[in-house]
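Here are my notes after a walk through the model, point by point. Have it open while you read.

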Amino acid sequence: MTRSRVPRGWRAATRAGLAPRLLAALLTVAGCRTPDTPPTEPATATAAAAAAAPLPRAALALGLDADELAAIVAHGPWPPPFRPDPTNRASGDPAAIDLGRRLFDDPRPSSDGRRRCADCHRAELGFADGRARPPGADGRPLDRNAQGLLDARLQRWFGWDGGADSLWAFVLRPLADPREIGTDARRLAAVLDADPTLACLRRAAFGDPRPSGEALRVQVAKALAAFIETLDSPRTRFDALRDALAAGDADPGAEAVARAYPADALRGLRRFVGDARCAACHVGPAFTHGEFHDAGRPYMAAPGRPDPGRHGGIAALRADPFNRLGAWSDAATPDAAVRTRHVMPSHRNFGEFRVPGLRALALTAPYGHDGSMGTLDDVITHYSALDTERLHADGEALLRPLRLDLAARAELRAFLSTLSAPQPAAPAPAPPSPAVAACLLRPGA
Ligand code: HEC
Ligand code: HEC
């Protein structure tokens, strides 16, 4: 994929109401929109209409040109509106969310009654766990770094290798894997039957009777996924800048907000969307296009045992009875499975991993699929000194060693730090929905 070029003339485009279409085209090029929502008009058609108009004052104040402006604005707005997962009928359901929240923190389903999802996905660390590769139940490290779960709802493939095509299909794996939770339907049934509140929430979300076997595991996975979908990272200094630039001159406060963005971070941001070409992959509101690349990291899970990355992920996805093509999906139409139907393995997928989003990085160190980069400085040093011999022959044409000096590295780091909220916002406890309140009051009813 090459960097998307956007025609000049932001203000005229905005006035003519073309900006949303322009953005739609940009995001489609970046692979950020589903094929079922095509842009109404190709980006080039707006070029003539938009030619040579002056930029909004906020952009002029920062010395941005139209390309930079469009590239920056494409990284928002934040947070994106909630869109229920069509494959999960419990998506967005308050009782399912509450059930998932409780089970996430509950050791009773695990094989030894002691392990919880929250052990490896800690809320105070953006639901990552701070270790390069967390140890499994046998004490040996798992093959990969535990992702933070903030903003997971915006992904289309799950796991570093994209081995699942829905959040709930992914969650079935840690539930079953003996190194993680290691539970089964019998144990889940026992936990639900022994706890009237959990049983009530399950009933409110999925109805009676309680199923057994795979159907129960799927319900539990869908409830956990419904909870994980609620974990949005907070708004940041970057979002204030981005919205000020998007508002244009209609917002009299926009220029002051834009000027308040730190100068070193702004230089880093311009590199990020400019000659460092980071935004070729880390693009869109979550700072990822959601697909897979070889970023030049080593990929040995153990000596002599390479991690196949996306190549193994595609094989797992196609063989998965719980994928979007299967009977466990709740989607009403086959559209929801279009991508899964068309995904094909190719040799270049070896050693590719999902492009991570870049929000809330301050919480989720260490970095990379194997946690082998301890700090953001390590990541930036990696891109600066990149060993192109490591990259695929068929060419990650997007990557080349950047050879950044110390000041340039500090600017990129300053920019990345504006993608984390200075204070992780404590989640405001929302009042329980009627269904949840009823379960809390009279669980047996
Ligand atoms: C022993 C540690 C451990 C436990 C326990 C654990 N996980 Fe994870 N989790 C990981 C690791 C490691 C990964 C990365 C796996 C990969 O990508 O191959 C991961 C990845 C994930 C992802 C993928 C996120 C994404 O962005 O694609 C989700 C979702 C998830 N875990 C949910 C859960 C849930 C729900 C539970 C409890 C049922 C759980 N995990 C238990 C270690 C753990
Ligand atoms: C060709 C696509 C591509 C480009 C261009 C790119 N990245 Fe990445 N980035 C990736 C992939 C893939 C990973 C995961 C690598 C791995 O672990 O194997 C990654 C990982 C990261 C991480 C670690 C995040 C985490 O949560 O683990 C950061 C930070 C990052 N990149 C920042 C940047 C910056 C800054 C630039 C520009 C200098 C950049 N990236 C350019 C694809 C890309």
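1. Keep in mind that this is a predicted model. The chain comes to 19 helices and 4 strands. Of its 445 residues, 44% are buried. If you count contacts between residues at least 6 apart in sequence, 74% of them join residues at least 24 apart.

2. Start with helix 18, residues 406-417. From first C-alpha to last, its 12 residues reach 16 Å, close to the 16 Å expected at 1.5 Å a residue. Its buried residues are Glu411, Leu412, Phe415 and Leu416. Looking down the axis of helix 18, you'll find these buried residues within an arc of 135°, so they line one face of the helix. A reminder on the geometry: an α-helix has 3.6 residues a turn, so residues three or four places apart point the same way. Leu406 and Ala407 are exposed on the other side of helix 18.

3. What does the buried side of helix 18 pack against? The partners are helix 14 (263-273) and helix 17 (376-385). Take helix 14: its axis and that of helix 18 come within 7 Å and cross at roughly 95°. That crossing makes the two helices roughly perpendicular, since 65 to 115 degrees counts as such. Helix 14 brings Asp264, Ala265, Arg267, Gly268, Leu269, Arg271 and Phe272 to the contact, while helix 18 brings Ala408, Ala410, Glu411, Leu412, Ala414 and Phe415. Sorted by class, that contact of helix 14 with helix 18 has 8 nonpolar, 1 polar and 4 charged residues.

4. Now look at helix 6 (residues 94-104) and helix 11 (residues 213-228). Their axes come within 7 Å and cross at roughly 95°, and helix 6 and helix 11 are therefore roughly perpendicular to each other. On the helix 6 side the contact includes Ile97, Leu103 and Phe104, and on the helix 11 side it includes Val220, Leu224 and Phe227. The class count for helix 6 with helix 11 is 10 nonpolar, 1 polar and 2 charged residues.

5. Helix 10 (residues 196-206) has Leu198, Cys200, Leu201, Arg202, Ala204, Ala205 and Phe206 as its buried residues. Their cover includes helix 6, helix 9 (185-194), helix 11 and helix 19. Just after helix 10 comes Gly207, with a positive phi of about 85°. Then Asp208 and Pro209 are joined by a cis peptide bond, omega about -10°; Pro209 is in the loop between helix 10 and helix 11.

6. Where else is there a cis peptide bond to look at? Try Trp78 and Pro79, where omega is about -10°. Pro79 belongs to the loop between helix 5 (66-73) and helix 6.

7. Two residues other than glycine are worth a look for their positive phi. For Phe127 the value is near 65°, and for Arg277 it is near 60°. Phe127 is in the loop between helix 7 (117-120) and helix 8 (167-176), and it counts as buried because it has 25 C-beta neighbours inside 10 Å. Arg277 lies in the loop between helix 14 and strand 1 (292-293); with 19 other C-beta atoms within 10 Å, Arg277 is partly exposed, as buried needs 20 or more.

8. Last, Ser420, in the loop between helix 18 and helix 19 (434-441). Is Ser420 buried or exposed? It has 21 C-beta neighbours inside 10 Å, so Ser420 counts as buried. Leaving out residues up to four places away in sequence, Ser420 touches Thr236, Ala360, Leu361, Ala362 and Leu363. Ser420 and Arg237 are 183 residues apart in sequence, yet 7.9 Å apart in space, C-alpha to C-alpha.

Key. Residues are numbered from 1 along each chain as its sequence is written. Chains are lettered from A and ligands numbered from 1 in the order in which they are written. This is a predicted model: local features need pLDDT of at least 70, side-chain atom pairs count only at pLDDT 80 or more; totals for chains, interfaces and linings use all residues. The expected span of a helix is 1.5 Å times one less than its number of residues. A residue is buried if 20 or more other C-beta atoms lie within 10 Å of its own, exposed if 12 or fewer, and partly exposed in between; C-beta atoms are placed from the backbone. The arc is that of the directions from the helix axis to the C-beta atoms. Two residues are in contact if their C-beta atoms, placed from the backbone, lie within 7 Å. Axes are lines fitted to C-alpha atoms, for helices over the stretch in contact, and angles run from 0 to 180 degrees between N-to-C directions. Angles under 35 degrees count as roughly parallel, over 145 as roughly antiparallel, 65 to 115 as roughly perpendicular and the rest as oblique. Ala, Val, Leu, Ile, Met, Phe, Trp, Tyr, Cys and Pro count as nonpolar, Asp, Glu, Lys and Arg as charged, and the others, Gly among them, as polar.
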